[in-house]
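Here is a short tour for anyone who wants to find their way around this protein before heading to the bench. Have the structure open as you read.

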Amino acid sequence: MSRIKNAFKDGKAFIGFLTAGDPSLDKTEEFILEMANSGADLVEIGIPFSDPIAEGEVIQNANVRALSNGATVKKVFEMVASVRKKTDVPLVFLTYLNPVFHYGYEEFLSKCNEVGIDGIIIPDLPYEEKGEINEVAKKHDIDIISMIAPTSKQRIATIANSATGFIYTVSSLGVTGVRSEIKTDLESIVKIIKENSDTPVAIGFGINTPEQAKNFAKYADGVIVGSAIVKIIAEYGEDSASHIRDYIKSMKEAIS
């Protein structure tokens with residue numbers, strides 16, 4: 001069983017996100033391990049990029065801080081290699097196509113396999129254009145995580161049918177960020193996905209409270225939280241570990 005499948009095998013999965021290099025790569029490693037020990041079933045690691053078009057202000061600012069602190073793709077790979085020696089928690093990169101293309105598809109995905117990354121999310125890679133990278137990813141046992149948005153409509157079944165790893169279902173239109181209310185009919189979207197795929201479905205974008213997480217976990221296989229964790233790191237910096245621990249424990253308890 002792959003590590004990503006393991007994330008969903010014992011009930012609802014909590015997936016946490018953080019930006020690599022914010023406030024430092026050493027602290028990112030510490031926070032990933034804290035997340036895993038606190039109940040996160042899978043950790044998404046954002047590779048800092050100068051133009052993260054899917055991100056709201058919170059994660060954009062984290063990208064700026066990480067880049068200012070000298071984070072590079074090469075250094076992020078080195079950090080992940082160190083993390084993988086200490087935990088078997090599934091790890092997924094969230095990045096944009098430009099850094100992967102610049103690094104080279106073969107070199108990037110080969111390195112992912114080498115350091116222990118299990119999958120990759122590329123928000124600006126349309127489903128119709130992922131063929132050029134998909135075969136390289138398969139060769140290196142890296143799942144290209146499919147994203148399904150409220151605007152996917154008639155494409156939902158097609159995207160779901162070929163998905164691997166897990167399916168990232170976007171809760172709302174717009175960019176990432178904490179939302180007080182999510183009005184999308186996600187239950188209907190998840191129903192269509194599940195009619196066309198056995199791949200686990202996780203909902204992300206805007207989820208930040210235990211109540212929201214509990215609600216979405218009723219029909220999805222997991223929930224994804226990013227901006228709320230990044231906000232903790234922005235507020236507490238190098239002293240974020242205990243705050244991350246308490247937050248993740250409360251979210252995991254809500255969906256269990």
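Y168 and F205 are both buried in this predicted model. Their rings form an edge-to-face aromatic pair, with 6.0 Å from centre to centre and 90° between the planes. Y168 belongs to strand β7 (residues 167-170) and F205 to the loop between β8 (201-204) and α10 (210-217), so the pair ties together parts that are 37 residues apart in sequence.

**Other aromatic pairs**

- The count of aromatic pairs comes to 10.
- One of them joins F49 and Y96, whose ring centres are 5.7 Å apart; with the planes at 25°, under the 30 degrees limit, the pair is stacked.
- F49 sits in the loop between β2 (42-46) and α3 (57-68), while Y96 sits in the loop between β3 and α5 (97-103), so this pair links distant parts of the chain, 47 residues apart.
- Both F49 and Y96 are buried.
- A single aromatic cluster is formed by F77, F93, Y103 and F108.

**Nonpolar cores**

- As general background, nonpolar side chains in soluble globular proteins tend to be buried together.
- Here the largest nonpolar core has 67 residues.
- Which residues have the most contacts inside this core? They are I45, F93 and F108, and two of these names, F93 and F108, also appear in the aromatic cluster.
- Leaving aside residues up to four places away in sequence, I45 touches F17, L18, A20, I32, M79, V80, L91, V92, F93 and L94.
- A second core, separate from the largest one, has 22 residues, and L42, I121, A202 and I224 are among them.

**A buried loop residue**

- T87 is found in the loop between α4 (73-84) and β3 (91-94).
- Is T87 buried or exposed? Its relative accessible area is 14%, which is under the 20% cut-off, so T87 counts as buried.
- Not counting residues up to four places away in sequence, T87 touches L33 and A36.

**Salt bridges**

- The structure holds 15 salt bridges.
- R84 pairs with D118, and their closest N and O atoms are 3.2 Å apart.
- Because R84 lies in helix α4 and D118 in the loop between α6 (105-115) and β4 (119-121), this salt bridge ties together parts that are 34 residues apart in sequence.
- Both R84 and D118 are buried.
- K139 and E106 meet through their side chains in another salt bridge, at 2.9 Å from N to O.
- K139 is in helix α7 (residues 131-139) and E106 is in helix α6, so this pair links distant parts of the chain, 33 residues apart.
- K139 has a relative accessible area of 55%, which is over 50%, so K139 is exposed.
- E106, at 32% relative accessibility, counts as partly exposed.
- D221 forms a salt bridge with K194, with the closest N and O atoms 2.8 Å apart.
- D221 lies in the loop between α10 and β9 (222-225), and K194 lies in helix α9 (residues 186-196), so the pair ties together parts that are 27 residues apart in sequence.
- K194 is partly exposed, with a relative accessible area of 38%.
- Through shared salt-bridge partners, R3, R84 and D118 are joined into one network.

How values were computed
Residues are numbered from 1 along each chain as its sequence is written. This is a predicted model: local features need pLDDT of at least 70, side-chain atom pairs count only at pLDDT 80 or more; totals for chains, interfaces and linings use all residues. Side-chain values use heavy atoms; hydrogens and water are left out. Helices (H or I, at least four residues) and strands (E, at least two) are DSSP runs, numbered from the N terminus. Buried means under 20% relative accessible area, exposed over 50%, partly exposed in between (1.4 Å probe, protein chains only). Contact means heavy atoms within 4.5 Å. Rings of Phe, Tyr and Trp (its six-membered ring) pair if their centres lie within 6.5 Å; planes under 30 degrees apart count as stacked, over 60 as edge-to-face and the rest as tilted. A nonpolar core is a set of buried Ala, Val, Leu, Ile, Met, Phe, Trp, Tyr and Cys residues joined through side-chain atoms within 4.5 Å. A salt bridge is a side-chain nitrogen of Lys or Arg within 4 Å of a carboxyl oxygen of Asp or Glu.
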